[in-house]
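Biologist: I would like to go through this model step by step. Please keep the answers short.

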Amino acid sequence: MKRFGLEAQLEDLKQQGLYRSRRIIDSPQGVRINIDGREVLNFCSNDYLGLANHPQVIKAFQQAANKYGVGSGSAHLICGHSTAHHALEEELAAFTGRERVLLFSTGYMANIGVISALLGRGDVVYQDKLNHASLLDGGLLSGATFKRYLHADVDNLEKKFKPSLLSSKSMIVTDGIFSMDGDVAPLVELVAIAKQQQAVLMVDDAHGLGVLGKTGAGVVEQFALSQNDVPILVGTLGKAFGTAGAFVAGSELLIETLIQKARPYIYTTAMPAAVAATTSASLKLIINESWRREKLQSLSTQFRQGAEQLGLTLMDSNSAIQPILIGETQKAVAISQRLLEQGFLVTAIRPPTIPKGKARLRVTFSANHQTKDVDALLNALEQLF
Ligand SMILES: *Cc1c(COP(=O)(O)O)cnc(C)c1O
């Protein structure tokens with residue numbers, strides 16, 4: 001592999017402060033986790049509702065493992081599709097107000113599967129500049145003409161539609177809540193543009209699901225968007241649901257097409273049935289116990305007020321994701337390191353995940369945080385800035 005120049009590439013990443021490494025966690029996911037034998041206060045998990053280690057969810061997993069075993073043994077289309085998978089699909093369809101749902105093993109696979117099943121050469125995909133990597137990769141894989149519009153800028157999007165492209169199939173793709181900024185997409189405007197341009201709108205609500213909306217059904221519930229408004233809805237199960245996997249929700253026709261054509265659906269082993277059964281237990285908690293959503297909201301508000309008093313630069317976010325804009329990569333990394341020394345886990349987000357010069361500390365909250373945890377973080381930030 002000498003010719004690949006791997007050593008030089010890795011050295012270059014180190015020089016730029018972009019070298020990534022993994023922390024080894026020796027505890028369940030939670031507000032307090034163990035790293036290197038030390039307990040730290042965790043502000044970077046996507047387990048927004050604290051369900052990843054919830055006693056009822058664990059119990060559901062244990063019971064389901066007794067019933068279904070561990071591995072699913074095969075792809076859904078061979079012999080891996082169980083009653084637990086099927087029931088979860090029906091429950092998620094009712095939850096999101098869609099005709100039908102299809103489970104995928106991960107959100108990454110759902111996104112590349114949907115876009116590449118529906119679009120090909122000669123079609124056009126319009127994507128927000130800050131969309132999640134899996135959406136961008138799905139667009140590239142599909143072979144469709146790729147158009148990126150300025151973040152949340154509907155005027156800029158409209159300008160990208162050219163009369164010469166009107167006859168092609170086109171899709172507008174957006175995160176619901178942007179994963180690195182925490183802001184919500186201008187969905188009502190996007191629905192209108194999609195209808196006007198005869199494009200199909202696809203929304204990836206990985207960070208809104210479970211968190212936004214009266215019953216936790218996410219941005220489509222918050223903005224009362226029907227299946228007609230948002231024909232393709234993607235949700236992930238590894239975040240607020242606290243389990244693993246993902247789903248696509250939409251019309252009968254959409255789901256049947258994906259079953260026939262989405263390669264990341266067809267050519268992969270089904271998620272374990274026990275994970276599906278466990279997700280059904282999470283879903284019940286999400287629907288029935290709205291206090292977690294309310295708590296998240298109040299923790300975010302508390303943090304925003306405190307951070308503003310400290311003069312920190314926050315982003316325009318109403319969600320559980322509350323980034324602090326730092327700018328320089330090395331500075332963000334240094335602050336994150338200092339916070340860790342003091343027992344706070346807050347990750348620095350660096351290019352290429354976000355644009356150059358926009359490095360940030362991505363603070364996320366869980367319904368299991370307490371107001372005193374937020375106070376402690378604000379105190380530590382005050383000392384550092
Ligand atoms: C996390 C995430 C995904 C990927 O989901 P996984 O199930 O972790 O593969 C997709 N889209 C967005 C916006 C995400 O934040």
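Biologist: How many residues surround the ligand?
Modeller: The model is predicted. A residue counts here if one of its heavy atoms lies within 4 Å of the ligand. The closest are Gly107, Tyr108, Asp204, His207 and Lys239, and the number of surrounding residues is 14.

Biologist: Which helix gives the most to the shell around the ligand?
Modeller: By class, the shell has 2 nonpolar, 9 polar and 3 charged residues. Three of the shell residues come from the helix in question, residues 107-118. That is helix 5.

Biologist: What is the distance from an oxygen atom of the ligand to an N or O atom in the side chain of Lys239?
Modeller: Tyr108 offers a polar backbone atom, 3.0 Å from an oxygen atom of the ligand. In the side chain of His132, an N or O atom is 3.5 Å from a nitrogen atom of the ligand. For Lys239, the distance from its side-chain N or O atom to a ligand oxygen atom is 2.6 Å.

Biologist: Which strands stand at the edges of the sheet?
Modeller: The sheet is open and has 7 strands in the order 3-9-8-7-6-4-5, with mixed pairing. An edge strand has a single partner strand, so one of its sides is left without a neighbour in the sheet. The two are strand 3 (100-104) and strand 5 (145-149).

Biologist: In strand 8, which residue is the bridge partner of Met202?
Modeller: Strand 7 (residues 200-204) and strand 8 (residues 232-236) pair in the parallel sense over 3 bridges. The partner of Met202 in strand 8 is Ile232.

Terms used:
Residues are numbered from 1 along each chain as its sequence is written. This is a predicted model: local features need pLDDT of at least 70, side-chain atom pairs count only at pLDDT 80 or more; totals for chains, interfaces and linings use all residues. Side-chain values use heavy atoms; hydrogens and water are left out. A polar contact is a pair of N or O atoms within 3.5 Å; within protein, one must be able to donate a hydrogen and the other to accept it, and residues adjacent in sequence count only if both atoms are side-chain atoms. Helices (H or I, at least four residues) and strands (E, at least two) are DSSP runs, numbered from the N terminus. Ala, Val, Leu, Ile, Met, Phe, Trp, Tyr, Cys and Pro count as nonpolar, Asp, Glu, Lys and Arg as charged, and the others, Gly among them, as polar. Two strands pair if DSSP finds at least two bridges between them.
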